[in-house]
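Here are my notes on the model, set out as numbered points. Please read them with the structure open.

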Amino acid sequence: PAGKFRFGKYIHTVQVDTKPYLEYLMTQFLSAGGKVLQRKVDTLASLADEYQVVVNCAGLGARWICQDKSVLPLRGQVLRVSAPWVKTAMYADEVYVIPGQKWVTVGGTRQYNDWMTEVSPHDSARIWSRAIEAFPNLAAAEIIEEVVGQRPHRYIPRVELEHLSGGLAVVHNYGHCGYGVLSSPGTSQQAVQIVKTVLGERKSRL
């Protein structure tokens with residue numbers, strides 16, 4: 001609205017749509033010889049007979065598999081809308097608008113230790129009313145979908161080595177909250193370096 005904002009900042013950055021990005025990463029993993037196994041793991045120690053090193057990226061599941069009670073959900077709810085005229089991301093008054101390849105994301109909520117996975121109509125109404133107030137050009141947008149997710153919140157991401165009984169080396173890499181895509185290039189490189197160090201040390205003992 002005219003006169004609402006006196007100052008603002010413009011930046012050039014990268015926007016990543018997580019679905020195609022994760023599909024790309026999986027393709028890279030498989031093409032490098034990686035294999036995907038689906039099964040339930042109750043404890044990391046139970047993997048000691050099969051693997052020398054395990055990289056733990058359990059996210060919110062670290063509360064159980066690592067007994068790390070500092071990991072809690074930070075509930076997020078957003079709206080996906082059709083607004084092809086929106087070409088740039090915007091942020092103001094705790095409202096963010098991010099154009100993607102197929103829709104525009106309007107958000108959102110950051111609800112600490114909230115385990116609800118269902119869509120809240122109240123949250124949706126609040127998000128939409130605040131968004132239109134901050135950015136009136138969204139008023140004509142069509143709401144396509146309401147989405148809820150749980151960010152794995154931790155006071156600090158855990159990227160470190162732990163030796164378990166049985167000789168298993170575990171490289172933890174979890175607790176990135178809502179910044180997993182943003183921080184994953186850095187933390188994954190750090191985790192890989194730890195793995196290389198562990199394997200190098202074990203090879204040198206042979």
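**Notes on the strands, the core and selected residues**

1. β4 and β5 form a hairpin, and four residues lie between the two strands. Their pairing is antiparallel and runs over four bridges. One pair to look at is Ile 98, whose bridge partner in β5 is Thr 105. Keep in mind throughout that this is a predicted model.

2. β4 also pairs on the β3 side. Strand β3 (residues 90-92) runs antiparallel to β4, and three bridges join them. Here, Ala 92 stands opposite Val 95 in β4. β3 and β4 form a hairpin too, with two residues between them. Asp 93 sits in that turn and has a positive phi of about 50°.

3. The side chains of β4 (residues 95-99) alternate. Val 95, Val 97 and Pro 99 point to one face and are buried. Tyr 96 and Ile 98 point to the other face and are not buried. Ile 98 is the residue already met as the bridge partner of Thr 105.

4. How much of β2 is buried? Nine of its 11 residues are, so the strand is largely enclosed by the rest of the structure.

5. β2 has several strand partners. It runs antiparallel to strand β7 (residues 142-153), joined by 11 bridges. In this pairing, Pro 73 stands opposite Pro 152 in β7. β2 also runs antiparallel to β5, with four bridges between them. There, Arg 80 has Thr 105 as its bridge partner in β5. With β6, β2 pairs over two bridges, again in the antiparallel sense. Arg 75 has Gln 111 as its bridge partner in β6.

6. Now the core. The largest nonpolar core has 17 residues. Val 81, Val 106, Phe 135 and Leu 138 touch the most other members. β2 (72-82), β3, β4, β5 and α3 (121-134) each supply at least two of the core residues. The largest share, four residues, comes from α3.

7. Val 106 deserves its own look. Leaving out residues up to four places away in sequence, Val 106 touches Val 78, Leu 79, Val 81, Tyr 96, Ile 127, Trp 128, Ala 131 and Leu 138. Two of these, Val 81 and Leu 138, are named with Val 106 among the core residues that touch the most other members.

8. Thr 109 lies in the loop between β5 (104-107) and β6 (111-112). Is this loop residue buried or exposed? Its relative accessibility is 2%, so Thr 109 counts as buried. Its side chain makes a polar contact of 3.4 Å with the side chain of Gln 111. Gln 111 is also the bridge partner of Arg 75. Beyond four places in sequence, Thr 109 touches Arg 75, Gly 76, Gln 77, Asp 123, Arg 126, Ile 127 and Arg 151.

9. His 172 is in strand β9 (residues 169-174). At 0% relative accessibility, His 172 counts as buried. Which side chain makes a polar contact with that of His 172? It is the side chain of Asn 56, at 3.0 Å. Not counting residues up to four places away in sequence, His 172 touches Leu 44, Asn 56, Cys 66, Arg 158, Val 159, Glu 160 and Glu 162. The C-alpha atoms of His 172 and Ala 62 are 9.4 Å apart, although 110 residues separate the two along the chain.

10. On the cysteines: the structure holds zero disulfides. Cys 57 is in none, and the nearest cysteine sulfur, that of Cys 66, is 11 Å away. Cys 177 is in none either; the nearest cysteine sulfur to it, that of Cys 57, is 16 Å away. Cys 57 is exposed, with a relative accessible area of 53%. Cys 177 is buried, with a relative accessible area of 12%.

11. A last check, on helix α1 (residues 18-31). What span should its 14 residues have at 1.5 Å a residue? The expected span is 20 Å, and the end C-alpha atoms are 20 Å apart, which agrees. Just after α1, Gly 33 takes a positive phi of about 100°.

Definitions and conventions:
Residues numbered from 1 in each chain as written. Predicted model: local features only at pLDDT ≥ 70, side-chain atom pairs only at ≥ 80, totals over all residues. Heavy atoms only, no water. Buried < 20%, exposed > 50% of the residue type's maximum accessible area, 1.4 Å probe, protein only. Polar contact = N/O pair within 3.5 Å; in protein donor to acceptor, adjacent residues only side chain to side chain. Contact = heavy atoms within 4.5 Å. Expected span 1.5 Å × (residues − 1). Disulfide = S-S within 2.5 Å. Pairing = 2+ DSSP bridges. Core = buried A, V, L, I, M, F, W, Y, C linked by side-chain atoms within 4.5 Å.
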